[in-house]
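Student: I would like to go through this structure with you and ask, for each label, what justifies it.

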Amino acid sequence: MRRKPVPSTSIASIGYLPEVRELEIEFRASGDVYRYFDVPCEEYDAFMAAESKGTYLNQVFKPRGYRYVVVFEGKKSQV
């Protein structure tokens, strides 16, 4: 899936495939990529229009409970 870079401190890029209603989010710090399923086009539009992508993710998107998988695990945090 092709993702677009977004201006965010927590999210590096977001992609969407409307024909299958799948949305991908690449996280800036970890590089992890999550794919969410059954996401309506209106949700993607609202996400992209949000002034703060991170706030939208945590306060609006995540509470909706979309099913997801981790499609790529980026760098692991070092302890």
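Tutor: Let us begin with a definition: a residue is buried under 20% relative accessible area, exposed over 50%, and partly exposed in between. Please keep in mind throughout that this is a predicted model.

Student: Why does arginine 35 count as partly exposed?

Tutor: Its relative accessibility is 22%, and since the buried class holds values under 20% and the exposed class values over 50%, arginine 35 falls in between and is therefore called partly exposed.

Student: What makes glutamate 24 buried?

Tutor: Glutamate 24 has a relative accessibility of 2%, and because that value is under 20%, the residue counts as buried. Glutamate 22, with a relative accessible area of 16%, is buried as well, whereas arginine 3 is partly exposed at 28%.

Student: Why is the contact between glutamate 24 and arginine 35 called a salt bridge?

Tutor: The cut-off asks for a side-chain nitrogen of Lys or Arg within 4 Å of a carboxyl oxygen of Asp or Glu. The N to O distance for glutamate 24 and arginine 35 is 2.3 Å, so the pair satisfies the rule. Glutamate 24 belongs to strand β3 and arginine 35 to strand β4, so this salt bridge ties together parts that are eleven residues apart in sequence.

Student: How do you know that glutamate 22 and arginine 35 meet in a salt bridge?

Tutor: The value here is 3.8 Å, N to O, which is within 4 Å, so this pair is also counted. Glutamate 22 lies in strand β3 and arginine 35 in strand β4, so the two tie together parts that are 13 residues apart in sequence.

Student: And which distance is given for the salt bridge between glutamate 24 and arginine 3?

Tutor: For that pair the N to O distance is 2.8 Å. Glutamate 24 is in strand β3 and arginine 3 in strand β1, so the bridge ties together parts that are 21 residues apart in sequence. By the rule, the count of salt bridges comes to five, and Arg3, Glu22, Glu24, Glu26 and Arg35 are linked in a network of them.

Student: What makes β1 and β2 a pair of strands?

Tutor: Pairing requires at least two bridges, and β1 and β2 have three, in the antiparallel sense, so they qualify. Arginine 3 stands opposite glycine 15 in β2, and the bridge partner of glycine 15 in β3 is glutamate 24. The strands β2 and β3 are themselves paired over six bridges, and four residues lie between them in a hairpin, where arginine 21 in the turn has a positive phi of about 55 degrees.

Student: Why are β1 and β5 called edge strands?

Tutor: Five strands form an open antiparallel sheet in the order β1-β2-β3-β4-β5. The strands β1 and β5 each pair on one side only, and these are the edge strands. β5 pairs with β4 over four bridges, and tyrosine 36 has tyrosine 68 as its bridge partner in β5.

Student: How do you know that phenylalanine 72 can belong to a nonpolar surface patch?

Tutor: A patch residue needs over 30% relative accessible area, and phenylalanine 72, which lies in strand β5, has 47% and is partly exposed, so it clears that cut-off. Together with Val69 and Val71, Phe72 makes a nonpolar surface patch of about 240 Å².

Note on methods
Residues are numbered from 1 along each chain as its sequence is written. This is a predicted model: local features need pLDDT of at least 70, side-chain atom pairs count only at pLDDT 80 or more; totals for chains, interfaces and linings use all residues. Side-chain values use heavy atoms; hydrogens and water are left out. Patches are made of residues with over 30% relative accessible area and no salt bridge: like charges are joined within 9 Å, nonpolar side chains (Val, Leu, Ile, Met, Phe, Trp, Tyr) within 5 Å. Accessible areas come from the Shrake-Rupley method with a 1.4 Å probe; for residues, only the protein chains shown count as cover. Buried means under 20% relative accessible area, exposed over 50%, partly exposed in between (1.4 Å probe, protein chains only).
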